[in-house]
Every structure is written in structure tokens, then in C-alpha cells.
Amino acid sequence: MAQLTLQARPEPISVDLARTALVINDMQNAFCSPGGYIDRIGFDLSGAKSVIDRIGQLVTATRQAGVINVFLQNGFSPDLHEAPGPRAPLWHKSNALRYMRAHPEESGRILIRGTWDHDFIQALRPQAGDLVVQKPTDDGFAATELDHLLRGRDINTILLCGISTNVGVESTLRAGYHLGYFGVLVADACMAVGPSFMQDATEFNIATFFGWVSSVDDVLSLLNASR
């Protein structure tokens, strides 16, 4: 497939769609739905609907263009072996684990595989041909098969979207940068968790140090140009 130009910051980037994947981060009830983990611990979900709609546009277009979709799904096994006690920083810093410890009645219900909280939202469920990667931390590459799956398909460019911009999305893009992937943040298909400036800060950080920042419209234009 021919090289195409994707409009982005800080400059346009040349993309071969045959070597490109759309990586969709954590579009689960925990992060997107009222009553999910993020809602329970007090973060604002008002921006989630527009992000879900934009990701839906991207996923439809990438499937039509033959671009691989990778759905990252964050969570823990029921025995929590991914967070083996206080000697692991994850035990201290995971808000989900801290919430369950503070609310014993919620033990086994927050981001635990097989629960509603862990499941993908109805509007963005993987389909045949999509890849699903289970991850125990924010970083989609850490302790997962993501790198293996991408390299096995000769992928060198990853378009990233999802929730949250400043945690899982940024962590995965940064890790990909250090592994040699060209990372593009599809900024308006992402939502930050926390103060509004976190979105701007992450976009600045990525455009300046780790990758490129683009938009849904620009990615859709790229996909349309390939037909």
C-alpha cells in the first residue's frame, strides 16, 4: 500500500496503512459508564459520550479500510495475582485496588475479569478480525502480547484513542515510542481523567517528545484517500 500523509502536530507524518493499527484503550464499563469504577471514585464522565461516538466512526472506517483494530482491556484476574501485595507499586497506586480495599463490599467487582465493570461497553465491542489484548496495568505493552501481535503483522504505526488520555493512552504511546513504533494520538477521540488541563498537557507532551497528535477528521480523510 502506498505511503499517505496524515495531518498532525508538530508536522504531518507519512503513514502506510498496511503497517498501521488503531489501538483503542479501555473502552469498558469501568471507564465509560455511569456506575463504573471511574464514576464511583468521583471523576467526571460527561465527555465520554462524544468520545465513544468518535471512536465508533474510527472503528467503522478502519474496518472498511482493512486496518487492524486492537482493543485493550484493563483489569485483574479474580485472585489479583497481577498485584501481589504491598511490595508491588501497583498495589499502592491502582485506584481500583485501593477502592476495593477501602470498600470491602466491592471486593471482586471493580475491574475484575468476567464482571460488568471489566466488560467492553455495548457501543464498542470487538468484532471478528479485531484483536483483544488483556492488560493488568495502564501500559498496553507491559506484560502483554501487544508487541508480539503488532510485530507479527509488520505494524510500525499505531493510532491511539480511548480513555484516559493522560493515563492508559499516554502510557501505551510512550512505551510504543521506546519500542520503535510511530505513535499518533487521535486527540478528539480521547478523554482525560482529572482536571481539564490534563488533556492539553498530554497533547503537548506527545507532540513535543514522543509522537504526533492528530484528529478524527484527519484520520478519516487518510482512510478515505486509501480507497
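Contact here means heavy atoms within 4.5 Å. Helices (H or I, at least four residues) and strands (E, at least two) are DSSP runs, numbered from the N terminus.

## Basis of the model

This is a predicted model: local features need pLDDT of at least 70, side-chain atom pairs count only at pLDDT 80 or more, and totals for chains, interfaces and linings use all residues. Residues are numbered from 1 along each chain as its sequence is written, and side-chain values use heavy atoms, with hydrogens and water left out.

## Helix 8 and its surroundings

The buried residues of helix 8 pack against three elements: helix 7 (165-179), strand 7 (182-191) and strand 8 (212-214). Buried means under 20% relative accessible area, exposed over 50%, and partly exposed in between (1.4 Å probe, protein chains only). The buried set in helix 8 is Gln199, Thr202, Glu203, Asn205, Ile206, Ala207 and Phe210. In general, an α-helix has 3.6 residues a turn, so residues three or four places apart point the same way.

The length of helix 8 (residues 197-210) checks out. The expected span is 1.5 Å times one less than the number of residues. For these 14 residues that gives 20 Å, and the end C-alpha atoms are 19 Å apart, which agrees.

## Helix 7 against helix 8

The axes of helix 7 and helix 8 come within 11 Å and cross at roughly 5 degrees. Helix 7 is therefore roughly parallel to helix 8. Helix 7 contributes Thr165, Asn166, Glu170, Leu173, Arg174, Tyr177 and His178 to the contact. Helix 8 contributes Met198, Gln199, Thr202, Asn205, Ile206, Phe209 and Phe210. By class, this contact has six nonpolar, six polar and two charged residues. Ala, Val, Leu, Ile, Met, Phe, Trp, Tyr, Cys and Pro count as nonpolar, Asp, Glu, Lys and Arg as charged, and the others, Gly among them, as polar.

Axes are lines fitted to C-alpha atoms, for helices over the stretch in contact, and angles run from 0 to 180 degrees between N-to-C directions. Angles under 35 degrees count as roughly parallel, over 145 as roughly antiparallel, 65 to 115 as roughly perpendicular and the rest as oblique.

His178 lies in helix 7. His178 counts as exposed, at 60% relative accessibility. His178 and Phe210 are 32 residues apart in sequence, yet 8.7 Å apart in space, C-alpha to C-alpha.

## The six-stranded sheet

Six strands form an open sheet in the order 5-4-3-6-7-8, with parallel pairing. Strand 5 (131-135) and strand 8 are at the edges with a single partner strand each, so one side of each has no neighbour in the sheet. The twist averages 25 degrees from one strand to the next. Two strands pair if DSSP finds at least two bridges between them. Strand 3 (residues 20-25) and strand 6 are joined by six bridges in the parallel sense. Ala21 stands opposite Ile158 in strand 6.

Helix 3 (residues 48-65) lies across strand 3, strand 4 (68-74), strand 6 and strand 7, at about 135 degrees to strand 7. Helix 8 also packs on the sheet, touching strand 7 and strand 8, and its direction makes about 165 degrees with that of strand 7.

## A buried loop serine

Ser164 sits in the loop between strand 6 (157-163) and helix 7. Ser164 is buried, with a relative accessible area of 7%. Beyond residues up to four places away in sequence, Ser164 touches Asn25, Val169, Glu170, Met191, Ala192 and Val193.

## The hairpin

Strand 1 (residues 3-6) and strand 2 (residues 13-16) run antiparallel, joined by four bridges. They form a hairpin with six residues between them. Leu4 and Leu6 point to one face and are buried, while Gln3 and Thr5 point to the other and are not. Gln3 stands opposite Asp16 in strand 2.
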